[in-house]
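Reader: I am new to reading protein structures, and I would like to know how the words people use for them are justified. Could you take me through this one?

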Amino acid sequence: MIRLGVSGLSASYGRTRVLHDVALPDLHDGQLLGLLGPNASGKSTAMHCLARQMKADGEIRIDGDLVSDIPHATWLRKVAIVPQSPPAPTSLTPTELLWSAVRALDLALSDRSLAARIQDIFAELGLSELAFAPLHTLSGGKRQLVGIALALVRDPQIVLLDEPTSALDLYWRLTVLDLVRSRLARQGGAAVIALHDMDLAARYCDQVALLSNGRIVAAGLPAEVMTPDNLASVYGVEAKTRMGEDGRVTINVLRPIRVS
Ligand SMILES: Nc1ncnc2c1ncn2[C@@H]1O[C@H](COP(=O)(O)OP(=O)(O)OP(=O)(O)O)[C@@H](O)[C@H]1O
Ligand SMILES: [Mg+2]
């Protein structure tokens, strides 16, 4: 069963088209797709379209159903997005945010079970000691972790993560990606992650799709897509790639080769 299928996706802001006929590799159960591309290439726009937050032409199917046909309540239980911007600094606490996000789903979940679920995700993301701290007292990276907790606590089948590790240190980058992968392995479903970090993408993604100016220029296995030629033409950098014994490609970016 294809969990997520996307083809012919086009989207505009006003009269300006920013996504052109985007097709993504089909995602099967337990798979993670990396969405790559330079600034302004259309990653977040594609995420908004997948999250049904923006009108788009084309076809997006989840478990075979067109997303436009999925009832709102079902949708909220099925799909969650971690937006590029972390939750704004407010006087609300992480616990209050997660509690209200799950309660909005109208799940048959006791207060005790919900409290346990929130405790677990906070423990996994190193937020236990900040559970009752107002958000405006948290660092930027910790707020980004709260944003990830906010999506994952809902136990969605499809997770959309828009640069979820951009503010995180080395330990939490790997821990967040490990958590996403272990959830996919345990619970099934599928995830799409927009990333600028090529090494993370190569290490964790089953497949990647490379966007440039709103168009897919390459898609497939990380080693097939992250080639020196593609990195030069799309990002304007000179890079060397090396295939590790584990079949993962690693990338050494040497220098910019054009003024951007
Ligand atoms: N709300 C908006 N109104 C008008 N144009 C927008 C809006 N949001 C994004 N755009 C434009 O759409 C294009 C794609 O932007 P998008 O945010 O999807 O890129 P991105 O790949 O996520 O970039 P980044 O890596 O910087 O996050 C850009 O040209 C951007 O200026
Ligand atoms: Mg973006």
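Author: Gladly! Let us start with pairing: two strands count as a pair if DSSP finds at least two bridges between them. Please keep in mind that this is a predicted model. Its open sheet of four strands has the order β2-β1-β4-β5, with antiparallel pairing.

Reader: What makes β2 and β5 the edges of that sheet?

Author: β2 (16-28) and β5 (65-66) each have a single partner strand, so one side of each is left without a neighbour in the sheet.

Reader: How do you know that β1 and β4 are a pair?

Author: Count the bridges. Strand β1 (residues 2-13) and strand β4 (residues 57-62) are joined in the antiparallel sense by five bridges, and the cut-off is at least two, so the word "pair" is justified. As an example, Leu4 has Ile62 of β4 as its bridge partner.

Reader: Which strand is joined to β6, and how do the two run?

Author: β6 is linked to strand β7 (residues 158-162) by four bridges, and they run parallel. Val79 stands opposite Ile158 of β7. Looking at the side chains of β6, Val79 and Ile81 point one way, Ala80 and Val82 point the other way, and all are buried.

Reader: Now the helices. How do you know that the length of α4 fits its number of residues?

Author: Helix α4 (residues 111-124) has 14 residues, which should span 20 Å at 1.5 Å a residue. The C-alpha atoms at its ends are 20 Å apart, so expectation and model agree.

Reader: Which residues of α4 are buried, and what makes them one side of the helix?

Author: The buried ones are Leu114, Ile118, Ile121 and Phe122. They cover an arc of only 105° around the axis, so they are on the same side of α4. There is a general reason behind such patterns: an α-helix has 3.6 residues a turn, so residues three or four places apart point the same way. In this model, the buried residues of α4 pack against α3, α5 (140-152) and α6 (170-187).

Reader: Why is Gln119 called exposed?

Author: Exposed means over 50% relative accessible area. Gln119 has 57%, so the word applies. Together with Arg112, Gln119 is on the face of α4 turned away from the buried side.

Reader: And why is Gly126 called partly exposed?

Author: Its relative accessible area is 30%. That value falls between the 20% and 50% limits, so "partly exposed" is the right term. Gly126 sits in the loop between α4 and α5, and its phi is positive, near 65°. Leaving aside neighbours within four places in sequence, Gly126 is in contact with Lys142 and Trp172.

Reader: Which residues have a positive phi although they are not glycines?

Author: Asp63 is one of them, with a phi of about 50°, and Asp155 is another, at about 55°. They are worth pointing out because most residues other than glycine have a negative phi. Asp63 is in the loop between β4 and β5, and Asp155 is in the loop between α5 and β7.

Reader: Are those two aspartates buried or exposed?

Author: Asp63 has a relative accessible area of 16%, which is under 20%, so Asp63 is buried. Asp155 has 32%, so Asp155 counts as partly exposed.

Reader: How do you know that Cys49 is in no disulfide?

Author: Compare the distance with the cut-off. A disulfide needs two cysteine sulfur atoms within 2.5 Å. The closest cysteine sulfur to that of Cys49 is in Cys205, 20 Å away, so a bond is ruled out. The structure holds zero disulfides. Cys49 is buried, with a relative accessible area of 2%, and Cys205 is also buried, at 2%.

Reader: One last thing: what makes Ser44 and Gln84 donors of the magnesium ion?

Author: Distance again. Donor atoms are N, O or S within 2.8 Å of this metal. Ser44 (OG) and Gln84 (OE1) lie 2.0 to 2.1 Å from the magnesium ion (ligand 2), so they qualify. They link distant parts of the chain: Ser44 is in helix α1 (residues 43-50), and Gln84 is in the loop between β6 (79-82) and α3 (94-103), 40 residues apart. Gln84 counts as partly exposed, at 36% relative accessibility.

Note on methods:
Residues numbered from 1 in each chain as written. Chains lettered and ligands numbered in written order. Predicted model: local features only at pLDDT ≥ 70, side-chain atom pairs only at ≥ 80, totals over all residues. Heavy atoms only, no water. Donors = N, O, S within 2.8 Å, 3.2 Å for Na, K, Ca; no water. Buried < 20%, exposed > 50% of the residue type's maximum accessible area, 1.4 Å probe, protein only. Expected span 1.5 Å × (residues − 1). Arc of directions from axis to C-beta. Contact = heavy atoms within 4.5 Å.
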